[in-house]
There are 2 protein chains.
Amino acid sequence: MIKVILYEDNPQLREGLTMLISGSEGFDVLAAFKNCNNVIEEVAAFTPDVILMDIDMPGVNGIEGLKKIRAVNTEVKILMLTVFDDNKNVFQAISNGASGYILKKTPPGKLLEYIAEAQTGGAPMTTSIATQVLKMFSSMNNEKGADYNLSDREKQVLQLLVEGYSYKMIAAEMFIAIDTVRSHIKKIYEKLHVNSKSEAVAKAFKDRIV
Amino acid sequence: MIKVILYEDNPQLREGLTMLISGSEGFDVLAAFKNCNNVIEEVAAFTPDVILMDIDMPGVNGIEGLKKIRAVNTEVKILMLTVFDDNKNVFQAISNGASGYILKKTPPGKLLEYIAEAQTGGAPMTTSIATQVLKMFSSMNNEKGADYNLSDREKQVLQLLVEGYSYKMIAAEMFIAIDTVRSHIKKIYEKLHVNSKSEAVAKAFKDRIV
DNA sequence: TGCCGGTTCACATTTTTATGTGGTTGGTGA
DNA sequence: TCACCAACCACATAAAAATGTGAACCGGCA
């Protein structure tokens, strides 16, 4: 028996979901609330397996509710429920430890399936959500394009600079003279269009050269 | 009719998948290859809707194949296929524009469903993969914890350091004497446990102080 | 009230960086 | 073969940064 509690401000939907879930074999709705004002106490009292959390609620919204719960409980599964596959909310939800993110228009059968998946540790999401998540990821990491034509040796020097090595230490590490380190760094600065160590380090981080 | 091409080095699996997919209503396997050596030409020649790409292939592996395709074609759907829900590969795949990521042990029915979902723009993934993706996301954004008790003024100085300002420029920017800048920076170094500008900058980036 | 931390400034010294101007070697490609 | 460039090294000088010591002012807090 999977124990569920429910946060949803719309009375019709709250009733509907409760009936749907409680009426299904293997599921039980312990309680349903119309806001997150006492979410911590309620979760502690009912110890549910899965929480269905509407995002668009007046007062304390679902994301806030999620944060509150996760601050004290990292175990319980929390499924975020929303009408929109809104970019910002998706990001907020999953970076705050939501177990899954599903649309309200999900058909009843799928919904139950998702709850069950969440309970066993899966991360159910509708494919439209998954698409968003993937897009966010790929937009985040792809832009490493410019490597500024740094040579291998120059990259190595830059790497050590980033790790806080002084010229002397780099020379020792790379078995070359300190003056050679200097000339490498001079070239690096030219290629990166900077003129100080810290700028080079910052640029290395920003442009993900390292 | 969904047009599929297939990259898989294992002959049995290649044959099996081909038969499964081609034998299903609405699906057709145009071709199946055992490596990615000519992936660009092949994709251009067959113009498939969906590509099934094994990750663990000798020679040019699936991730490389993915990159090659995405370099010239951002439209075709590419489903990555693997035996492991390996963290690094998942990350690599989705940040390089994979349309979905599924395990080989996925049952045949589900597999066809996933291909169809991919074709219509969804992002199919098994729940175990989705869990990984979510974990990656939340681990990425949550850790800003340590702010090292920097005072407001110290944060401001650090901010300017990161942007490549010299002591002199910081003094001018903040309307204080250069010696004051020095003492701020000294304190910053103490709090961050570093002893050079570039280390401080690197730490600021790593720990997301800025 | 006295102490603490943040902020401000000053002076002095050493170390590190930045810049300039050279040079040698070895491999690559026209 | 010759030009080019990465990688190596040297010497010199100016600028910047790191370190040390000391001190004044202010606000909050015990």
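In the predicted model, chain B is superposed on chain A by a rotation of 179° with 1.8 Å of shift along its axis, at an RMSD of 2.1 Å, the fit being by least squares on the C-alpha atoms of residues with pLDDT of at least 70 in both copies. That is the relation of a two-fold axis. Among the residues of chain B, B:S198 comes closest to the rotation axis, its C-alpha lying at 2.4 Å. This is a predicted model, in which local features need pLDDT of at least 70 and side-chain atom pairs count only at pLDDT 80 or more, whereas totals for chains, interfaces and linings use all residues. Residues are numbered from 1 along each chain as its sequence is written, while chains are lettered from A and ligands numbered from 1 in the order in which they are written.

The contact between the chains, with two residues paired if their C-beta atoms, placed from the backbone, lie within 7 Å, takes 31 residues from chain B and 31 residues from chain A. On the side of chain B that touches chain A, at least two residues each are supplied by α4 (87-95), α6 (127-142), α7 and α10 (197-206), helices being DSSP runs of H or I of at least four residues, numbered from the N terminus. The most come from α6(B), with ten residues. Since 100% of the interface residues of chain B are also interface residues in chain A, the copies meet through the same surface.

DNA strand C is surrounded by 22 residues, the closest being A:S166, B:S151, B:R153, B:I176 and B:D179, where a residue is near the strand if its C-beta atom, placed from the backbone, lies within 6 Å of it. To this surface α9(A) gives the most, with five residues.
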